[in-house]
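Trainee: I'm new to this one and would like a close look at a single part: the aromatic rings. Could you walk me through how they sit together and what surrounds them?

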Amino acid sequence: MRLFAGFLALVLSFAAFCSSAREVEKKQLPKEAVETIALIKKGGPFPHQRDGVTFRNREKNLPARERGWYREYTVKTPGARDRGARRIVAGRDGTLYYTDDHYRSFKRVLDEP
């Protein structure tokens, strides 16, 4: 029984680690991401033509939602000659996600109240 309890504790702590690893506080983001979030909340103006387009979640790394639920916004990457790999993806309900590897992984942005 103690072996099972130890195993269960290990599984639960690993699950908590995985969950927290996929979240980030807004204050921990690069300043350019914080600036992009401020523009999103303000409604623009956005510097890139593609800012605000539908993000289709083809990679299925975000929760499944109907088409049009997510919008993507560019996060400026210092030194990049193009849009770079960093994005904020905003859900219709206000949930924000950050990626710095062009949609391969996301972290849910925890915003202060």
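Mentor: Let's settle one word before we start: a residue is buried if its relative accessible area is under 20%. Keep in mind, too, that you're looking at a predicted model.

A quick tour will help you find your way. The protein has 2 helices and 6 strands, and from the N terminus on they come in the order α-β-α-β-β-β-β-β. It has 113 residues, and 32% of them count as buried.

Now for your rings. Two numbers describe a pair of aromatic rings: the distance of the centres and the angle of the planes. To count as a pair, the centres have to lie within 6.5 Å, and by that rule there are 7 aromatic pairs here. Take Phe55 and Phe106: with centres 5.8 Å apart and planes at 70°, they are edge-to-face, because planes over 60 degrees apart get that label. Phe55 belongs to strand 2 (residues 53–55), while Phe106 sits in the loop between strand 5 (96–99) and strand 6 (107–110), so this pair ties together parts that are 51 residues apart in sequence. Phe55 and Phe106 are both buried.

Phe106 has another partner as well. Its ring and that of Tyr97 have centres 6.5 Å apart and planes at 85°, so this pair is edge-to-face too. Tyr97 is buried, like Phe106. Step back and you'll find a cluster: ring pairs link Phe55, Tyr70, Tyr97, Tyr103 and Phe106. Another ring to look at is that of Trp69, where Arg65 lies over the face, 5.2 Å from the ring centre.

What about the nonpolar residues? In soluble globular proteins, nonpolar side chains tend to be buried together. The largest nonpolar core here has 12 residues, among them Val24, Leu29, Tyr73, Ile88, Ala90, Leu96, Tyr98 and Val109. Helix 2 (31–42), strand 4 (87–91) and strand 5 each put in at least two residues of this core, and helix 2 gives the most, with 3. There's also a second, separate core of 8 residues, and this one includes Trp69, Val89 and two rings from our cluster story, Tyr97 and Phe106.

Strand 4 is a good place to see both cores. Ile88 and Ala90 are in the largest core, whereas Val89 is in the second one. Look at how the side chains leave the strand: Arg87, Val89 and Gly91 point one way, Ile88 and Ala90 the other way, and all are buried. That fits with strand 4 being mostly covered, with 5 of its 5 residues buried.

Strand 4 also has a strand on either hand to look at. It runs antiparallel to strand 3 (residues 70–74), and 5 bridges join the two; in that pairing, Ile88 is the bridge partner of Tyr73. Strand 4 and strand 5 run antiparallel as well, joined by 4 bridges, and here Leu96 is the bridge partner of Ala90. The hairpin of strand 4 and strand 5 has 4 residues between the strands, and Gly94 takes a positive phi near 95° there.

One last number for the wider view: among contacts with a separation of 6 or more, 38% are between residues 24 or more positions apart. The Phe55 and Phe106 pair, with its parts 51 residues apart in sequence, is a nice one to go back to.

Notes. Residues are numbered from 1 along each chain as its sequence is written. This is a predicted model: local features need pLDDT of at least 70, side-chain atom pairs count only at pLDDT 80 or more; totals for chains, interfaces and linings use all residues. Side-chain values use heavy atoms; hydrogens and water are left out. Rings of Phe, Tyr and Trp (its six-membered ring) pair if their centres lie within 6.5 Å; planes under 30 degrees apart count as stacked, over 60 as edge-to-face and the rest as tilted. Buried means under 20% relative accessible area, exposed over 50%, partly exposed in between (1.4 Å probe, protein chains only). A charge sits over a ring if NZ of Lys or CZ of Arg is within 6 Å of the ring centre and within 35 degrees of the ring normal. A nonpolar core is a set of buried Ala, Val, Leu, Ile, Met, Phe, Trp, Tyr and Cys residues joined through side-chain atoms within 4.5 Å. Contact means heavy atoms within 4.5 Å. Two strands pair if DSSP finds at least two bridges between them.
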